[in-house]
Amino acid sequence: MDGKNTLLNAIRVGMGYDSHRIETGGSMILGGVVIEQGRHFVGHSDADVLLHAITDAVLSGAGLPDIGQIFPNDRPENRGRDSAEMLRLAMANVRQAGWDLVNLDCVVLLESPKLSPIKSELVRRISDILEVGPTLVGLKGKTGEGVGEVGRGELAVVHAVALLHRT
Ligand code: MG
């Protein structure tokens, strides 16, 4: 299993998860895209729940410390911080550690807005940040069917999985 050139050592999967509370006022930043909804995600940074889950997925796949360890939320320099910049830095660390992306898949649980009209814009933005082709980025939107915190529009949840290959 520890042989250097086996397929099993050449690929790794990483899983990321995040959730942020939704409150009225301002605009949502999702996948590095500003969505004017009169509501915003609450958080220490810019609260981009999608980019945070992706950041943890790629870091985890490369066996690196997670987003909270690299960008602690009690540090003043991380207040209101651009999550696209954090993901760019994380992906640079991943590449430095000898890994690159095979593909990424994300599920966004959000009552509104519906993702379908903005999906291609989000995919383009995420692939730009990661410096990969858009076909490597999968994105699906789900509502909470009006039930629970997601369904009541109080919470956004994202699951992300990243497959990495050794470079
Ligand atoms: Mg977060």
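## The largest pocket, the metal site and the strands around them

The residues that line the largest pocket divide into four nonpolar, eight polar and two charged. The model in which this pocket is found is a predicted one, and the pocket itself has a volume of about 240 Å³. Of the 14 residues in its lining, those closest to the centre are Ser45, His52, Ile67, Phe71 and Asn73. Strand β1 (11-24), helix α2 (49-61) and helix α3 (67-70) each supply at least two residues of the lining, and β1 gives the most, with three residues.

One of the residues closest to the pocket centre, His52, also takes part in the metal site. The protein donors of the magnesium ion are Asp18, through OD, His20, through NE2, and His52, through ND1, and these lie 2.1 to 2.2 Å from the ion. Along the sequence the donor residues follow the spacing D-x1-H-x31-H. Because His20 lies in strand β1 while His52 lies in helix α2, the pair ties together parts that are 32 residues apart in sequence. Both of these histidines, His20 and His52, are buried.

Strand β1, which holds His20, can be followed outward to its partners. With strand β7 (residues 155-166), β1 pairs in the antiparallel sense over 11 bridges, and within this pairing Ile11 has His165 of β7 as its bridge partner. With strand β4 (residues 39-41), β1 again pairs in the antiparallel sense, here over three bridges, and Ile22 stands opposite Phe41 in β4.

Another pairing has the parallel sense: strand β5 (residues 99-109) and strand β6 (residues 137-142) run parallel and are joined by six bridges. One of the contacts between these strands sets Val108 against Gly141, its bridge partner in β6. Together with helix α5 (residues 119-130), strands β5 and β6 make a right-handed β-α-β unit, and the parts of this unit can be taken in the order of the chain.

In the loop between β5 and α5 lies Pro113, and the peptide bond that joins Ser112 to Pro113 is cis, with omega about 5°. Helix α5 is the place of Ser127. Is Ser127 buried or exposed? Ser127 counts as buried because its relative accessibility is 2%, and the cut-off for that term is under 20%. Measuring from C-alpha to C-alpha in the model, Ser127 and Ala160 are 14 Å apart in space, and they are 33 residues apart in sequence.

After the helix, the loop between α5 and β6 contains Glu131, whose phi is near 55°, a positive value in a residue other than glycine. Glu131 counts as exposed, since its relative accessibility is 62% and the term applies over 50%. Beyond β6, the loop between that strand and helix α6 (148-151) holds Glu145. For Glu145, too, phi is near 55°, which is a positive value in a residue other than glycine, and at a relative accessibility of 68% Glu145 counts as exposed.

Note on methods:
Residues are numbered from 1 along each chain as its sequence is written. This is a predicted model: local features need pLDDT of at least 70, side-chain atom pairs count only at pLDDT 80 or more; totals for chains, interfaces and linings use all residues. Side-chain values use heavy atoms; hydrogens and water are left out. Two strands pair if DSSP finds at least two bridges between them. Helices (H or I, at least four residues) and strands (E, at least two) are DSSP runs, numbered from the N terminus. A crossover is right-handed if, with the strands pointing away from the viewer, the path from the first strand over the helix to the second runs clockwise. On a 1 Å grid over the protein atoms alone, a cavity is a set of points where a 1.4 Å probe fits but cannot get out, and a pocket is an open set with protein on both sides within 12 Å along at least five of seven lines; lining residues have an atom within 4 Å of a point. Grid points are joined across faces, edges and corners, and a volume is the space filled by probe spheres set on the points. Ala, Val, Leu, Ile, Met, Phe, Trp, Tyr, Cys and Pro count as nonpolar, Asp, Glu, Lys and Arg as charged, and the others, Gly among them, as polar. Donors are N, O and S atoms within 2.8 Å of the metal (3.2 Å for Na, K and Ca); water is not among the atoms, so sites may look incomplete. Buried means under 20% relative accessible area, exposed over 50%, partly exposed in between (1.4 Å probe, protein chains only).
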